[in-house]
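Q: Please choose one part of this structure and examine it closely for a reader who has not met the structure before. Please then set that part in the context of the whole chain.

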Amino acid sequence: MEQTRQENSMRDIGVLLMVIVVAGPLIGVAAASLSLLLEMTQHVMLGGVESVAHPEGVSLPIRRVVSILVASFVAAVIWWLIRRRHTIPSVGQAVHGKSMPVLASLVHIVLQIFIVGSGLSIGRETAPRELGALIGQKLSGWLRVSTKDMALITACCAGAGFAGVYDAPLAGMFFAVEMLLVDASIRTVGVALGTSVVAAFSASLIKGNAAFYHIDPIVATPHLMIVCVIVGPVMGVLGYLFRQGTSWASTHQTRSIHILWQLPLVGLLTGGIAYYLPQIMGNGRGLAQTAYNAHTQSAVLILLALAAIKTVATIATVRSGASGGVLTPAIAAGGALGAVIAICAAPILPGVSISVVALIASAAFLATSQKAPLMASCLMIELSHSSVHSLVAVGTAVALSVLVSHTLSVLFSQRNLR
């Protein structure tokens, strides 16, 4: 009996090590490939790639309109055809055992990258997570593991896909542990962290590891901590509203033939706005970096408008039938609102960096909208290559944000029960 138990334990360790050593590099290469595909799509459809130096992109106004409109028509037709025959499970559903059809899932994943690269307002982070989950699920079947271990492997591989595309191993680990499995056991954390670290490193060998966002160094001064105490609760309220909107859009998402006119209509409206405001395009990196670069009071009104438009455009895109993420749009909206707060507070609290406050607001907004404070905190620090000491300021705002959001959720739940 004891020998059998030891043999099973050794096999368990061997299987999980194989996941880290085999799936980690494979997912890292896959995530890097999706990043390169996004850049290629931007080159072909828009004529240039967004960057820190040019967060709004370099495409001509009319080309933006055409790109978004063409992509929305193509995506609508393909998704309608796929959904007539297949049901593509979410990452959460895949973790709980719902099988992912290989070919249909791959087309679904590539299509998400295509619409983001072409300019539709939606995040790209769901695609690498789904690709990681697909790899993890099929690897689990090949290894013939238990249902519980299949959930563990699928979730950890999904987190590794997230880590690979953003070079964010801690965020990838917390995505699996905090959001998918809700399990912080040593075994779960070890597999999730190991897979995410290997995937992130493997991806960086192909696509590099430059900072995704550029901001000033984060130094936890008394003035900055005061601003964090203000930013946290405000982002808690606004992030809660953002989550309610995106959840509604996902619940009521068009999955019938009506996608053939609804998604192109949203594409036309998005393209019309992008003709004048290119920052609202794509996954939100352009808007976020625009907010981090803001310096003067003249930027307040445009940032408020961009945050509102980005939110509405993302909700409309999801509602009209497009698949994709809302994580990076949340970062963008939170960053724009945080920059506004920083600009308004500058005369009272001199010396506070607008870019730093904006990034902290992004973290707080994201934490509330995703209900994932640990993932959000680590992701924003990793994306900006900030010092670990920045957790003092980021953690303060994030903690206050999720507490306010939780309070609102409880209050509205009690009100609905009456």
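A: The answer below takes up helix H12, then turns to the chain as a whole and to several other places along it.

The model is a predicted one. Helix H12 comprises residues 300-319, which makes 20 residues. At 1.5 Å a residue, a helix of this number of residues should span 28 Å, and the end C-alpha atoms of H12 are 29 Å apart; the two values therefore agree.

Which residues of H12 are buried? They are Val-300, Leu-303, Leu-306, Ala-307, Lys-310, Thr-311, Ala-313, Thr-314, Ile-315, Thr-317 and Val-318. A lysine, Lys-310, is thus included among the buried residues of the helix. A general property of helices is useful in reading such a list: an α-helix has 3.6 residues a turn, so residues three or four places apart point the same way. In H12, the buried residues include Val-300, Leu-303 and Leu-306, and also Ala-307, Lys-310 and Thr-314.

Against which helices do the buried residues of H12 pack? Their partners are helix H9 (222-251), helix H10 (259-274), helix H11 (285-293) and helix H13 (327-345). Just beyond the end of H12, Gly-321 adopts a positive phi of about 120°.

The setting of H12 is a chain with 16 helices and 0 strands. For 418 residues, a compact globule would have a radius of gyration near 22 Å; the value for the chain is 21 Å, so the chain agrees with that expectation. Along its principal axes, the C-alpha trace extends over about 75 × 55 × 50 Å. Of the 418 residues, 57% count as buried. Among contacts with a separation of 6 or more, 80% come from residues 24 or more positions apart. The accessible surface of the chain amounts to about 17,600 Å², and carbon and sulfur atoms contribute 68% of it. The chain carries 23 positive and 14 negative charges, and the mean positions of the two groups lie 13 Å apart.

Two other helices may be examined in the manner used for H12. Helix H5 (residues 126-143) has 18 residues, which should span 26 Å; its end C-alpha atoms are 25 Å apart, so the expected span and the model agree. Of the 18 residues of H5, 15 are buried, and the helix is therefore largely enclosed by the rest of the structure. Arg-144, just after H5, has a positive phi of about 55°.

Helix H8 (residues 186-207) has 22 residues and an expected span of 32 Å, and because its end C-alpha atoms are 31 Å apart, the values again agree. The buried residues of H8 include Val-191, Gly-194, Thr-195, Ala-199 and Ser-202. Following H8, Gly-208 takes a positive phi of about 85°. Ser-202 is also touched by Pro-25, as are Ile-20 and Val-198, when residues up to four places away in sequence are set aside. Pro-25 itself is situated in helix H1 (residues 2-46). With a relative accessible area of 28%, Pro-25 is partly exposed. Its C-alpha atom is 36 Å from that of Thr-254, a residue 229 places away in sequence.

The helices after H12 offer further points of reference. Ile-348 belongs to the loop between H13 and H14. Its relative accessible area is 67%, so Ile-348 is exposed. Although Ile-348 and His-223 are 125 residues apart along the chain, their C-alpha atoms are separated by 9.4 Å.

Most residues other than glycine have a negative phi. Lys-371 has a positive phi near 55° and is not a glycine. Lys-371 occupies the loop between helix H14 (354-370) and helix H15 (373-383), and at 55% relative accessible area it is exposed. His-385 likewise has a positive phi of about 55° without being a glycine. His-385 lies in the loop between H15 and helix H16 (391-417), and its relative accessibility of 46% places it in the partly exposed class.

Within H16 itself lies Ser-405. Is Ser-405 buried or exposed? At 9% relative accessibility, Ser-405 counts as buried. Apart from neighbours within four places in sequence, Ser-405 makes contact with Gly-236, Tyr-240 and Thr-368.

Key:
Residues are numbered from 1 along each chain as its sequence is written. This is a predicted model: local features need pLDDT of at least 70, side-chain atom pairs count only at pLDDT 80 or more; totals for chains, interfaces and linings use all residues. Side-chain values use heavy atoms; hydrogens and water are left out. Helices (H or I, at least four residues) and strands (E, at least two) are DSSP runs, numbered from the N terminus. The expected span of a helix is 1.5 Å times one less than its number of residues. Buried means under 20% relative accessible area, exposed over 50%, partly exposed in between (1.4 Å probe, protein chains only). Contact means heavy atoms within 4.5 Å. The radius of gyration is taken over C-alpha atoms; the globule rule is 2.2 Å times the number of residues to the power 0.38. Accessible areas come from the Shrake-Rupley method with a 1.4 Å probe; for residues, only the protein chains shown count as cover. Lys and Arg count as positive and Asp and Glu as negative; His and the chain ends are not counted. The place of a charge is taken as NZ of Lys, CZ of Arg, CG of Asp or CD of Glu.
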